Amino acid sequence: MKNIAFLFLVLLAPIFSFGQLQSPDAYLGYTLGTKFTRHHQVVEYFRHVAASSDQVVLDPYGETYEGRLLQLAYVSSPQNIARLEELRLGHLKNTGLVEGTPNDDIAVVWLSFNVHGNESSSTEAAMKTIHSLITEHQDWLENTVVIIDPCINPDGRDRYVNWYKQNRSLPYDPNPMAREHNELWQSGRTNHYIFDLNRDWAWASQVESQQRIQKYNRWLPHVHVDFHEQGINEPYYFAPAAKPLHEIITPFQMEFQDWLAKNHARYFDKNGWFYFTKERFDLLYPSYGDTYPTYLGAIGMTYEQAGNGRAGLGIDNDEGIELTLIDRIAHHHTTALSTVETASNNKTALNTNFQKYFADSKRKYQSYILTGSAGKIPPNTLRIPQRHTANQGL
Ligand SMILES: [Zn+2]
């Protein structure tokens, strides 16, 4: 009997002992939302996922000023992951940056989490999102490449998380007057040099932006989402954006914001979660994480969850309802998945209209020339895509 049991273990060992994918809860040892996860743990979880799945590859793209890793995860079907570079070039053929017949059957979605470091639920949601995509939504990944940046601003995030862990009560105190809800200067919103990275997409004055935008411009996704948090009393916000709209934004870009929003609303209505659209958050300033992609042909979306540096693990809002980190993660996780679902279901419309955006000869300006001191323009960043240019430095 003993021998049979041994044989059984030996035979099954390769299946169970190597590469077993774990959920964030199982890997981290706590339920997401009951603690904040430090950046290095997030990096380790993404490495674990990539080592356990043929649907994910990682792309470390740089470091912050304080030496923290910046990293993308590409998530798709195993077949798509095996020909990722071919898909990228096929996608760029829609823009005219690369010659040849373009892809029309693959959607490219880029999800950017935690640009403001103390808007802390979104990096937690990023871990839940990658796990859900590869375990529950393989069908969407058949025709969609999802690019996940789990944390755009790791220095700011760890500043907030460390501050919170040092200042919280045990158990946490939901009273808004408690010390753990009153972050001091310098808050975790900004990066090391106290720059707001959601004002830096076009100017790329900071190393985080410089390194990320080189990667972004190599992909030019169809859809880009910037995950944020706002005041603790606000319902969830997702685009359509507030008017007035810049003249360069096309009717299709606005229409697709509607399609996304209606899909999100379906899930929010089912769960009884409040939300609003259109009242705030414009698409005019070119250096936001929704507007910069919009001006490069994408559907640029901002999602805003209640929370921010005030909320901690739980806080009583003005209505006396406790807002928890667990709830905040659930909302961002839902819109992240709903975004991928909508893109996957509308891949052809995305490709056709993306192509039209770049082929529109009626547009008043096709490119811009900047004058001024060359030394003040960060290297390798200001590469404004032009049609019919060589396939270099995209
Ligand atoms: Zn924000």
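In this predicted model, helix 6 passes helix 12 in a right-handed crossing. The axes of helix 6, which covers residues 121–136, and helix 12 come within 8 Å and cross at roughly 50°, and the two helices are therefore oblique to each other, since an angle counts as roughly parallel under 35 degrees and as roughly perpendicular from 65 to 115. On the side of helix 6, the contact is made by Ser121, Ser122, Glu124, Ala125, Lys128, Thr129, Ser132 and Leu133, while helix 12 contributes Leu325, Arg328, Ile329, His332, His333, Ala336, Leu337 and Val340. Helix 12 is mostly covered, with 16 of its 21 residues buried.

For helix 12 and helix 10, the expected span agrees with the distance between the end C-alpha atoms, as set out below.

| Helix | Residues | Expected span | End C-alpha distance |
|---|---|---|---|
| Helix 12 | 325–345 (21 residues) | 30 Å | 30 Å |
| Helix 10 | 251–271 (21 residues) | 30 Å | 31 Å |

In helix 10, the buried residues are Gln253, Phe256, Gln257, Leu260, Ala261, Asn263, His264 and Phe268. Seen down the axis of helix 10, these buried residues fall within an arc of 160°, so they line one face of the helix. The other side of helix 10 carries the exposed residues Pro251, Asp258, Lys262, Arg266, Asp269 and Lys270. Among the elements that cover the buried residues of helix 10 are strand 6 (236–238), strand 7 (275–276), helix 11 (291–295), strand 8 (299–306) and helix 12. After helix 10 comes Gly272, which has a positive phi, near 70°.

Notes. Residues are numbered from 1 along each chain as its sequence is written. This is a predicted model: local features need pLDDT of at least 70, side-chain atom pairs count only at pLDDT 80 or more; totals for chains, interfaces and linings use all residues. Helices (H or I, at least four residues) and strands (E, at least two) are DSSP runs, numbered from the N terminus. The expected span of a helix is 1.5 Å times one less than its number of residues. A residue is buried if 20 or more other C-beta atoms lie within 10 Å of its own, exposed if 12 or fewer, and partly exposed in between; C-beta atoms are placed from the backbone. The arc is that of the directions from the helix axis to the C-beta atoms. Two residues are in contact if their C-beta atoms, placed from the backbone, lie within 7 Å. Axes are lines fitted to C-alpha atoms, for helices over the stretch in contact, and angles run from 0 to 180 degrees between N-to-C directions. Angles under 35 degrees count as roughly parallel, over 145 as roughly antiparallel, 65 to 115 as roughly perpendicular and the rest as oblique. A crossing is left-handed if the near helix is turned anticlockwise from the far one by less than a right angle, and right-handed if clockwise.
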